[in-house]
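The following note is offered as a colleague's reading of the structure shown below. Its points are numbered so that each may be checked against the display in turn.

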Amino acid sequence: MRGMRILQRSYGEYLQSSAMPQRQTRSFHEAFFSINHMFSASYSTASEKGGEETEKINVIFVDKDGEEIHVKVPIGMNILEAAHENDIELEGACEGSLACSTCHVIVMETEYYNKLEEPTDEENDMLDLAFGLTETSRLGCQVIDGVRLAIPSATRNFVVDGFVPNWFTDTKLVYYP
Amino acid sequence: MSRRYLARYLVSRYFSSSVSSRPLHVCIVGSGPAGFYTADKLLKAHEGARVDIIDRLPTPFGLVRSGVAPDHPETKIAINQFSRVAQHERCSFYGNVKLGSDLLLSELRDLYHVVVLAYGAESDKDLGIPGESLSGIYSAREFVWWYNGHPDYSSLKPDLKSSDTAVILGQGNVALDVARILLRPRTELASTDIARHALSALEESSIRKVFLVGRRGPVQAALTAKELREVLGIKNMHIRIKETDLTVTPADEEEMKNSRIRKRIYELLSKAAAAAGTSESDPDQRELHFVFFRQPDRFLESNERKGHVSGVNLEKTILESAGSGKQLAVGTGEFEDLNCSLVLKAIGYKSVPINGLPFDHKKGVVPNVRGRVVSQTVEGLSQTERGLYVCGWLKRGPVGIIATNLYCAEEMVGRISEDIEEGVFTSSKEGSKGLMQLLEKREVKKVDFSGWEKIDAKEKQMGSEKNKPREKLVTWEDLLAAAAAN
């Protein structure tokens, strides 16, 4: 539930937060444990050590012309912010305050979409009005957890009995301008 | 520059040769979301685009300033993006310039390669029933402009003291907005940007019961989830919904199956109806009643106050299928009266035609083919004007949210780009320079963006003295004076 509170912060507040690295590590644990409890406790020690540096993950934006843009996104940054940091045109009319649907994105892999934390009622209310709504639509300003889940560096540290989680793949998102 | 923008830049340079970099003079009439999103996308798509946005008001932003309710400040954040567009070096805003009085459409078309009409819908649908001109009956748009300090409506003076009941016809988000403003505790309104005259009137208001009347049922109500959730959550305000109104028919089930939003609204209303029965009575209690399956037949005139409304005569309705899943309300011949001293019609806006522009009076829009204005229809085929476009409500009708204009603008810019590539805009035009000369000749006191910034600063400063985000200037004189101050 701590994760949910972060998601609902406004854009401006989000940028100011200096306590972020600490929060990211905690939420990462929660998300991680809620998804796949078979991973052992040794993993959490490893990530705690690495928790202070800004880990980045790969995200691919696919625009309406089918062009793919690969970006590296620090953990804890929402998709809207990530788009703006990389000069990708994703509107954010209300700047992350859950008062519009202009940052609507579509998560291209259903499996990946299912790993994300469920949208809140407030996000769903805005999604109701989004143009071209799909089964795997989300508001970019609310997607953070998903970004944390797809951490390629984790696969290097972690294999349980030869099992490598196949959802540690790059996120593909498509957005409608 | 990111790889994507570099690619697009190179591509546009290759194709544009002289076209994209040759000045493209654009005038957008209307500075609401449609106008600003169009300007934004046009500036990004064409290096040579030089955009002037004109508005008849001294203040920009259209309904974002004058329509969005005072208790919805997050929805107004879009103004930040619009301000950035207005401050772009190839863009200018000119307020207090009215198409039709200060200059003609034909003059604009002479000065600019491209004219985009994005002036929205400043009028209302009528019910066309007896008694509609009684005093105490307003369109919701007039009431909203009154509490939002629109300079044309500051002296509306709606009577909020003659009874405890107001009836709102319509169940869309505008209906909810006006209901909320009528019923919200005054202390909550005092710290918003609501106009001072409205706050005073509301502080003395005796309205305690608001009826939201809809022709059809809860499954067809036009309101959206966020707004409904909001009213259901207001403290000390009691919601009344008849459980019998919540019965759904197979046709209703079908409608809900096909629309996620309809389903979620119905669920919220059902929960509200179940919870409603448990609240206690209190004399100063505020009540919001959802009345379904009733259509207004005529307005009743007061015996004590001639010329003033005293109630609405409502006819019960049932729903009949109209094909393709749509259900329409049909009268049953059973009537009942609902007494009140204030009626607000929230049944939809309508655009205003101007001279020299074709207009579809039935749909209330300018006839267009995906944004290009139709000049004539020959044997069923529409021929379109070159260089004249419509965007926003004037194009699509008064539906949708602020974000809907994003797609509208995107389509608009696509049309303009196609026309550029076809070499439609080869003649040279004067653009801004010509507009300035014309306005000067006619002694029009235009308000540029820095003039708006002075109004903005003054409003914010006045607001800070009262713990409000701004205290709006509500008369033409005050607005123009602030814009011209040093």
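Is F131(A) buried, partly exposed or exposed? With a relative accessible area of 47%, F131(A) counts as partly exposed, because that class covers the range between 20% and 50%. It should be noted at the outset that the model is predicted.

1. The contact between the chains. Chain A contributes 30 residues to the contact and chain B contributes 28 residues. Together the two chains bury about 2,500 Å², of which 49% is on carbon and sulfur atoms. On the side of chain A, E89(A), E91(A) and D128(A) provide 22% of the area buried against chain B, more than any other three residues.

2. Polar links across the contact. Five salt bridges are counted between chain A and chain B. One of the residues named above, D128(A), forms a salt bridge with R264(B), with 2.7 Å between the closest N and O atoms. The count of residue pairs in polar contact between the two chains is nine, both residues being at pLDDT 80 or more. As for secondary structure, β2 (68-74) and α7 of chain A each supply at least two residues of the side that touches chain B. The largest share of that side, six residues, comes from α7(A).

3. An aromatic pair between the chains. Over all chains, the structure holds twelve aromatic pairs. In one of them, F131(A) and Y407(B) are stacked, with 4.2 Å from centre to centre and 20° between the planes. The pair joins two chains, because F131(A) lies in the loop between α7 (121-127) and β4 (137-139) of chain A, while Y407(B) lies in helix α15 (residues 404-421) of chain B. Y407(B) has a relative accessible area of 14% and is therefore buried, whereas F131(A) is partly exposed.

4. An aromatic pair within chain B. Y37(B) and F82(B) form an edge-to-face pair, 5.2 Å from centre to centre, with 80° between the planes. This pair links distant parts of the chain: Y37(B) belongs to helix α3 (residues 33-45) and F82(B) to helix α5 (residues 78-86), 45 residues apart. Y37(B) counts as buried at 1% relative accessibility, and F82(B) is buried with a relative accessible area of 0%. Ring pairs also join these two residues with F36(B), F61(B) and W452(B) in a cluster.

5. The surroundings of R141(B). The charged end of R141(B) sits over the ring of W145(B), 4.9 Å from the ring centre. R141(B) also forms a salt bridge with D124(B), the closest N and O atoms being 2.8 Å apart. D124(B) lies in strand β5 (residues 123-124) and R141(B) in helix α7 (residues 140-147) of chain B, so the salt bridge ties together parts that are 17 residues apart in sequence. Both D124(B) and R141(B) are buried.

6. The surroundings of E336(B). Which residues does E336(B) touch, leaving aside its neighbours within four places in sequence? They are R294(B), V312(B), N313(B), L314(B) and K316(B). L314(B) is 22 residues from E336(B) in sequence, yet the two C-alpha atoms are 5.4 Å apart in space. With R294(B), E336(B) forms a salt bridge in which the closest N and O atoms are 2.8 Å apart. R294(B) lies in strand β11 (residues 294-301) and E336(B) in strand β13 of chain B, so this pair ties together parts that are 42 residues apart in sequence. The partners fall into two classes of exposure: R294(B) counts as buried at 9% relative accessibility, while E336(B) is partly exposed at 31%.

7. Other salt bridges. The count over all chains comes to 43 salt bridges. Among them is the pair of D52(B) and R50(B), with an N to O distance of 3.3 Å. D52(B) is buried, with a relative accessible area of 0%, whereas R50(B) counts as partly exposed at 24%.

How values were computed: Residues are numbered from 1 along each chain as its sequence is written. Chains are lettered from A and ligands numbered from 1 in the order in which they are written. This is a predicted model: local features need pLDDT of at least 70, side-chain atom pairs count only at pLDDT 80 or more; totals for chains, interfaces and linings use all residues. Side-chain values use heavy atoms; hydrogens and water are left out. Rings of Phe, Tyr and Trp (its six-membered ring) pair if their centres lie within 6.5 Å; planes under 30 degrees apart count as stacked, over 60 as edge-to-face and the rest as tilted. Helices (H or I, at least four residues) and strands (E, at least two) are DSSP runs, numbered from the N terminus. Buried means under 20% relative accessible area, exposed over 50%, partly exposed in between (1.4 Å probe, protein chains only). A charge sits over a ring if NZ of Lys or CZ of Arg is within 6 Å of the ring centre and within 35 degrees of the ring normal. Contact means heavy atoms within 4.5 Å. Buried area is the accessible area (1.4 Å probe) that two parts lose on being put together, summed over both. A salt bridge is a side-chain nitrogen of Lys or Arg within 4 Å of a carboxyl oxygen of Asp or Glu. A polar contact is a pair of N or O atoms within 3.5 Å; within protein, one must be able to donate a hydrogen and the other to accept it, and residues adjacent in sequence count only if both atoms are side-chain atoms.
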